[in-house]
Amino acid sequence: MFIKTQLILLALISVVLSQTDDEESFLFVTKQTVNRFIVQDKDLTVKYGLYNSGPTTIFNVNLNDVLSYPFEKYDILVGTLTPKWERINAGSNLTHVVVLKPKQSGISNSSRATVTYQKSEKNTEVQKTYSSEIGDVYIMTAREYDRRFSSHIIDWVLFTAMASPCIVFPFFLWFKSKSKYESLLSKDKQTKKAQ
């Protein structure tokens, strides 16, 4: 959360410093993973946030993040890595979500996404900006994830089954011995009363 706040603050400062014309807008793009852990063959959710920081609407917005998630290493389950929007109104934001499935484990580099847009209808010059970069991420295997984070119910059931004889057998011996001792004690009491 702290890093996200810092990124947004840094973005706002860069927007203020980089804006040259009061009539035109500037687009700021963030990219982040929603998942805390990235696991092979499990869903990976990537969220893009597009913020129009200026007083005018921007047009023909195209996001491209195919280089970060190549088709050889990821399956696309929901969404697209090349979305397009006709416009983003002044001062508004837009969120785009893609759900992927990593095919391989290991280190993967999630570089920045490229976004092209036009600052206004009058200005047909195409502007280019980049999203924030996630960087290197570790994709763990499903087995490693289960070993580290699952509830291990089967392990506990097996442990209980193996530990039970070590507890039940001594208890049985103690109970049998206690019963013998109590029966001898009661016989001894009865013998003393009879005399």
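## A buried glycine and its surroundings

Gly49 is buried, with a relative accessibility of 5%. Please keep in mind that the model you are looking at is predicted. From Gly49 in strand 3, this briefing moves through the nonpolar core, then to the salt bridges, the aromatic rings and a patch on the surface.

**Gly49 and strand 3**

- Gly49 has its place in strand 3, and that strand runs over residues 44–52.
- Set aside the neighbours within four places in sequence, and Gly49 is in contact with Phe28, Val29, Thr30 and Leu94.
- Val97 is 48 residues from Gly49 in sequence, yet the two C-alpha atoms are 8.8 Å apart in space.
- Gly49 counts as buried because its 5% relative accessibility falls under the 20% cut-off.

**The largest nonpolar core**

- This core holds 22 residues, and those touching the most other members are Leu27, Tyr48, Leu50, Val61, Leu63 and Tyr69.
- Two or more core residues come from each of strand 1 (27–33), strand 3 (44–52), strand 4 (58–64), strand 6 (84–88), strand 7 (93–102), strand 9 (114–118) and strand 11 (135–140).
- Which strand gives the largest share of this core? That is strand 3, with 4 residues.
- Tyr48 is a good residue to click on: beyond its neighbours within four places in sequence, Tyr48 is in contact with Thr30, Lys31, Leu63, Asp65, Tyr69, Leu81, Leu94, Thr95, His96, Val98 and Ala113.
- Two of those contacts of Tyr48, Lys31 and Asp65, appear again below as salt-bridge partners.

**Salt bridges**

- How many salt bridges does a search of the whole structure find? The search finds 4, and three of them are described here.
- Lys31 and Asp65 form a salt bridge in which the closest N and O atoms are 2.9 Å apart.
- Distant parts of the chain are linked by this pair, with Lys31 in strand 1, Asp65 in the loop between strand 4 and strand 5 (74–78), and their positions 34 residues apart.
- Are Lys31 and Asp65 buried or exposed? Both are buried.
- Lys103 and Asp75 also meet through their side chains in a salt bridge, at 3.2 Å from N to O.
- Here too the pair links distant parts of the chain: Asp75 belongs to strand 5, Lys103 to the loop between strand 7 and strand 8 (106–110), and they are 28 residues apart.
- Lys103 is partly exposed at 33% relative accessibility, and Asp75 is partly exposed with a relative accessible area of 33%.
- Arg148 and Glu144 make a salt bridge at 3.6 Å, N to O.
- Arg148 and Glu144 are separated by about one helical turn because they sit 4 residues apart in helix 2 (residues 142–149).
- Arg148 is partly exposed at 46% relative accessibility, whereas Glu144 is buried at 16% relative accessible area.

**Aromatic rings**

- The count of aromatic pairs in the model comes to 8.
- One of these pairs, Trp156 with Phe159, is edge-to-face, with 5.8 Å from centre to centre and 85° between the planes.
- Both Trp156 and Phe159 lie in helix 3, 3 residues or about one turn of the helix apart.
- Trp156 is exposed, at 54% relative accessible area, while Phe159 counts as partly exposed at 49% relative accessibility.
- Why is the pair of Phe171 and Phe175 described as stacked? The ring planes of Phe171 and Phe175 stand at 20°, with the centres 6.2 Å apart, so the pair is stacked.
- Phe171 and Phe175 lie 4 residues apart in helix 3, so about one helical turn separates them.
- Phe175 is partly exposed, with 43% relative accessible area.
- Elsewhere, one aromatic cluster is formed by Phe37, Tyr145 and Phe149.

**A nonpolar patch on the surface**

- Ile154, Leu158 and Met162 make a nonpolar surface patch of about 360 Å².
- Ile154 lies in helix 3, the helix that also holds Trp156 and Phe159.
- Ile154 is exposed, because its relative accessible area of 63% is over the 50% cut-off.

Terms used. Residues are numbered from 1 along each chain as its sequence is written. This is a predicted model: local features need pLDDT of at least 70, side-chain atom pairs count only at pLDDT 80 or more; totals for chains, interfaces and linings use all residues. Side-chain values use heavy atoms; hydrogens and water are left out. Patches are made of residues with over 30% relative accessible area and no salt bridge: like charges are joined within 9 Å, nonpolar side chains (Val, Leu, Ile, Met, Phe, Trp, Tyr) within 5 Å. Accessible areas come from the Shrake-Rupley method with a 1.4 Å probe; for residues, only the protein chains shown count as cover. Buried means under 20% relative accessible area, exposed over 50%, partly exposed in between (1.4 Å probe, protein chains only). A nonpolar core is a set of buried Ala, Val, Leu, Ile, Met, Phe, Trp, Tyr and Cys residues joined through side-chain atoms within 4.5 Å. Contact means heavy atoms within 4.5 Å. Rings of Phe, Tyr and Trp (its six-membered ring) pair if their centres lie within 6.5 Å; planes under 30 degrees apart count as stacked, over 60 as edge-to-face and the rest as tilted.
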